[in-house]
Amino acid sequence: MRASSWVWTVLAALVLGLVATAWVGAGQKGTPDTRAFLVKDINNTFDAAAGSLPGPFVEAGGFVFFSATDGANSGLWRTDGSPAGTVMVKAIGVRDLTNVNGILFFHSDFSPFSTRMGDKLWRSDGTAEGTVLVRDDIGPEAPQYRGLGQFTAVGGTLYFVRNLDSTYSLWRSDGTGTGPVADTSHWAPSNLTVVGSTLFFTVFSPGTGSELWKSDASGTSMIKDINPGPGSSSPFNLTTVNGTLFFGAFRPDVGTELWKSDGTAEGTVLVKDVSAGAASSGPSNLKGANGALFFTAFRPETGYELWKSDGTEEGTVLVKDIEPGAGSSTPGNLATVDGTLFFSAFRAGTGVELWRSDGTAEGTALVKDLVAGDGSSSPAALTAVGRTLFFKAFGSGAGTELWKSDGTEFGTVIVKDINTGPGDSSLTTLASGLGKLFFSASLPSTGPEPWTSDGAEAGTVLLRDINPGAGSSFPDDLLKLQKSLFFTASTPGAGRELWKSDGSAEGTALVKDIVPGAGSSSPDSLTRVGSILFFAAFRPDTGTELWRSDGTEAGTLLVKDVYPGPGSSDLKQLTDVDGTLFFSAFRPDTGSELWKSDGTAAGTVLVKDIVPGAGSAGVARLLNINGTLFFSAFHPDTGSELWKSDGTAAGTVLVKDIRPGPASSGPTRLVDLNGTLLFTAFGAENGGGWTGDTLWKSDGTEAGTVLVKDFSPELPFAVLTPLGTNGVLFFSVASGLWKTDGTDAGTALIRDSILPDNRWLGCGGASAQVSDALVFAARDGNGCELWRSDGVTADLLLDINPGPASSLGPIFDSSSFRKVGGLALFSAYDDAHGLELWATNGTNTTRVVQDLAVGAGWSSPRFFTPVGPLVFFTANDHMNGNELWAISKSALHRALNLPEPSDDLAALDEPARRPHATVDEFRAFLPSAEEDDPGEPVASEGE
């Protein structure tokens with residue numbers, strides 16, 4: 001008997017293996033069933049001109065760093081000057097890159113999956129592991145706005161300005177600790193400039209106006225009230241030359257002129273009143289060269305010309321009146337190369353061209369008239385690299401391209417006509433680094449991408465086409481119906497429409513182009529009712545209304561134009577109740593009310609006009625429990641309270657007016673716990689007063705709708721999460737994890753201080769039931785990481801991203817965490833892989849499944865949806881764009897070195913469905929655990 005049983009077991013396993021192989025083989029075209037695979041590149045268009053928009057470029061620690069986007073993520077990139085050495089460091093947006101003694105500092109609004117608003121301070125040594133958050137909590141937890149800026153290195157210390165809701169302060173950091181230097185209230189420090197170990201800057205204060213300040217080891221203070229009293233001198237163009245600070249400033253008796261400062265009040269003086277009296281010379285373009293300050297200044301008799309100063313009145317003189325008389329040459333773009341000053345200037349007969357100066361009239365001369373005669377080459381972005389000056393300029397027949405000069409006419413030549421012919425290459429962000437020039441240039445075939453040049457044509461090369469411009473179909477609303485996956489996707493030819501897939505490229509196809517051509521019907525709220533797929537879709541003549549599909553083009557049709565004509569009925573909350581679709585819909589004569597449909601126009605009807613006439617009941621949070629629909633609805637006499645419906649007008653009734661009268665209890669987070677409704681509501685009568693959020697349960701009768709527990713004065717709790725069928729429900733109150741069996745005595749705290757109650761520090765709502773335990777995200781000293789609770793205790797399961805940085809965070813919801821075949825499949829971040837595909841069986845067997853976007857790129861997998869032996873999801877591998885992917889359950893188990901999931905492969909029929917709670921995105925930490933239920937839609941972007 002045992003032998004016979006063994007034979008049947010082996011045969012069953014072989015049959016199941018063949019079934020699985022057939023399914024997966026169709027999708028992988030012979031690829032071994034070990035990895036995730038791209039089902040189909042639905043939008044296979046290619047934008048040749050898509051660019052990465054690189055720059056600015058900053059040298060630090062042996063690399064040149066820059067910001068760029070690869071089409072999927074904005075990120076920090078580094079280069080060693082070679083194409084092979086141009087790589088992404090970390091996929092985070094970066095700004096204000098600053099070299100502080102070889103360490104790169106910058107700020108980003110990214111903080112490993114924390115949604116605290118505003119900028120965070122980061123540093124990098126050029127590796128993913130060495131790119132770390134210096135400090136996130138620079139200010140209160142939830143300001144309206146927090147920004148960092150004006151990064152300035154003073155020795156080995158970074159100084160910067162923090163803006164917290166338009167309240168400004170000066171901060172500093174050595175890369176480990178970070179703290180405030182001075183509070184400047186509502187006026188931002190600006191013009192941060194370093195002289196030795198002293199930081200100079202300007203700031204406005206009510207009694208003195210905008211004046212010159214400093215910060216050093218002795219403290220932070222105003223240096224001098226140059227324009228005494230509340231008026232401002234408004235220092236600008238702060239420039240250091242040989243340890244002296246030069247700047248322009250205003251005083252009524254002399255106008256705006258050149259000043260200098262040694263950091264003391266006595267040493268802060270007017271250098272020279274260039275334009276005598278109250279008239280202003282307006283010094284600008286300040287630049288040091290050969291120990292002297294060069295600048296542009298105005299005098300009526302000479303116009304705007306080139307001046308220099310040694311810091312004395314006598315030594316502040318006109319260098320040369322390049323455009324003689326009252327006309328102006330308007331020198332600009334000043335740069336120094338090996339002690340020689342280069343600049344652009346205008347002269348009649350030559351236009352705006354490249355000039356040079358040694359500080360004497362005789363040594364100030366035109367370098368080369370690149371566009372002969374009155375035409376202008378308009379040199380700009382002058383950048384010194386060693387003894388070579390690089391710049392961009394216009395040349396006849398070449399457009400605006402890269403040039404170089406050694407200061408001679410013969411040595412001033414075009415480096416390379418990057419965009420061959422008269423077209424421009426749109427050069428930007430020129431910078432020196434590693435002995436080369438780095439810049440952004442654009443070709444029709446690449447768009448703006450990073451380039452480098454050693455000054456030779458052959459050495460002027462594209463470093464990398466970072467954003468190759470792959471089109472994305474952005475699959476969404478993934479839902480299993482029978483043995484197919486339905487979803488929405490976008491293509492240039494058909495717009496956003498309804499698609500389906502059987503797991504193979506050939507079997508992945510558009511169901512129907514509802515709005516023919518490039519227009520979009522934008523299907524939404526895909527919902528399975530029996531063998532029918534219901535969804536909302538737009539058509540110009542009907543607006544957004546209710547549609548149905550059986551998976552064929554002919555069987556995809558409008559059910560009913562609820563709001564006749566081009567107006568939309570604003571369908572929401574599509575919910576299956578034992579074969580009937582219920583939903584909220586709007587019509588001008590009834591407002592937004594409860595509707596139902598059997599899939600026919602005649603059977604799509606208003607259930608009840610709860611607020612008669614044009615008023616709206618605001619029906620929401622629909623939940624089916626054993627054939628009864630529960631929901632929240634508003635009535636003027638009762639406010640927003642708990643209702644139920646059997647699909648008839650007479651059977652659609654208020655369950656209980658929890659907060660009697662027009663005040664609302666606002667039922668939320670409705671959950672089915674073994675046939676009993678649990679929900680949260682605002683207020684419980686308590687000694688004549690009303691408390692905050694409370695836990696309730698209901699059997700559908702007024703008498704059976706009772707308070708379970710009042711948590712006042714604790715903060716409101718989040719979404720409830722059923723665990724298995726043992727009558728336990730998990731939820732959070734303030735920062736604690738709780739459980740309940742629906743009774744006051746059975747409602748208890750499991751562990752406190754692991755679920756921060758605000759959305760800035762929270763860890764998202766992702767959770768799943770695995771191996772009779774709840775797997776969820778929680779925060780402690782390890783950041784937001786993976787935890788496990790059996791209902792008695794709760795502990796860290798794995799610190800995926802070791803240290804205080806997080807692998808999970810508030811952006812993680814049920815779209816990125818789902819139970820599949822006895823495992824929890826989820827998205828997680830670590831420095832080695834970025835945001836990639838992970839799985840756990842609820843034990844230490846937790847690991848990355850596959851790095852789809854290899855290296856520092858993120859594939860950001862989401863919307864895990866099981867269909868037979870496959871699990872579909874969306875991901876971006878940075879080669880095909882954001883497209884539809886799949887992996888077999890067998891491959892998932894093999895990735896974790898677990899036995900084959902024979903039972904799961906055999907269970908091709910859909911399991912019993914358990915409804916889930918409505919997620920409050922701003923307050924939820926534990927939304928409902930997703931069953932391994934292919935019919936359950938995964939929360940999609942924008943829901």
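**Notebook: salt bridges, a four-stranded sheet and His107**

Entry 1. I began with Asp253, which is partly exposed, its relative accessible area being 46%. I note at once that the model I am reading is a predicted one, and that everything below should be taken in that light. The partner I looked up for Asp253 is Arg251, and the side chains of these two residues meet in a salt bridge with 2.7 Å from N to O. Arg251 has a relative accessibility of 25% and therefore also counts as partly exposed, since the partly exposed class runs between 20% and 50%.

Entry 2. I then asked how many salt bridges the structure holds. The count comes to 12, and I followed up two further examples besides the pair in my opening entry. As background for these entries, I kept in mind that side chains of opposite charge can pair when their charged atoms come close.

Entry 3. Arg299 and Glu301 form one of the salt bridges, with their closest N and O atoms 2.9 Å apart. I checked the exposure of both partners: Arg299 is at 22% relative accessibility and counts as partly exposed, while Glu301, with a relative accessible area of 46%, is partly exposed as well.

Entry 4. The next pair I looked up was Asp589 and Arg587, whose side chains meet in a salt bridge of 3.0 Å, N to O. Asp589 is partly exposed with a relative accessible area of 45%, and Arg587, at 23% relative accessibility, falls into the partly exposed class too.

Entry 5. I turned to the protein overall, for which the secondary structure comes to three helices and 74 strands. Of its 943 residues, 55% count as buried, and its accessible surface is about 35,100 Å², with 53% of that belonging to carbon and sulfur atoms. For the contacts I noted that, among those between residues at least 6 apart in sequence, 46% join residues at least 24 apart.

Entry 6. From the strands I picked out an open sheet of four, in the order 14-15-16-17 and with antiparallel pairing. Its edge strands are strand 14 (190–195) and strand 17 (219–224), each of which pairs on one side only. Neighbouring strands of this sheet are turned against each other by 30° on average, direction ignored. Inside the sheet I followed strand 15 (residues 198–205) and strand 16 (residues 209–216), which pair in the antiparallel sense over seven bridges. Which residue of strand 16 stands opposite Thr202? I found Leu212 in that position.

Entry 7. My last look was at His107, which lies in strand 7 (residues 103–108). Is His107 buried or exposed? It counts as buried because its relative accessibility is 3%, and the cut-off for buried is under 20%. I recorded two polar approaches for its side chain: a polar contact of 3.0 Å joins it to the side chain of Asp96, and the backbone oxygen of Leu148 lies 3.0 Å from a polar atom of the His107 side chain. Leaving aside residues up to four places away in sequence, I listed the residues that His107 touches, among them Gly93, Val94 and Arg95, then Asp119 and Lys120, and also Gly149 and Phe151. Asp96 and Leu148, already noted above, belong to that list of touched residues as well.

Definitions and conventions: Residues are numbered from 1 along each chain as its sequence is written. This is a predicted model: local features need pLDDT of at least 70, side-chain atom pairs count only at pLDDT 80 or more; totals for chains, interfaces and linings use all residues. Side-chain values use heavy atoms; hydrogens and water are left out. A salt bridge is a side-chain nitrogen of Lys or Arg within 4 Å of a carboxyl oxygen of Asp or Glu. Buried means under 20% relative accessible area, exposed over 50%, partly exposed in between (1.4 Å probe, protein chains only). Helices (H or I, at least four residues) and strands (E, at least two) are DSSP runs, numbered from the N terminus. Contact means heavy atoms within 4.5 Å. Accessible areas come from the Shrake-Rupley method with a 1.4 Å probe; for residues, only the protein chains shown count as cover. Two strands pair if DSSP finds at least two bridges between them. Axes are lines fitted to C-alpha atoms, for helices over the stretch in contact, and angles run from 0 to 180 degrees between N-to-C directions. A polar contact is a pair of N or O atoms within 3.5 Å; within protein, one must be able to donate a hydrogen and the other to accept it, and residues adjacent in sequence count only if both atoms are side-chain atoms.
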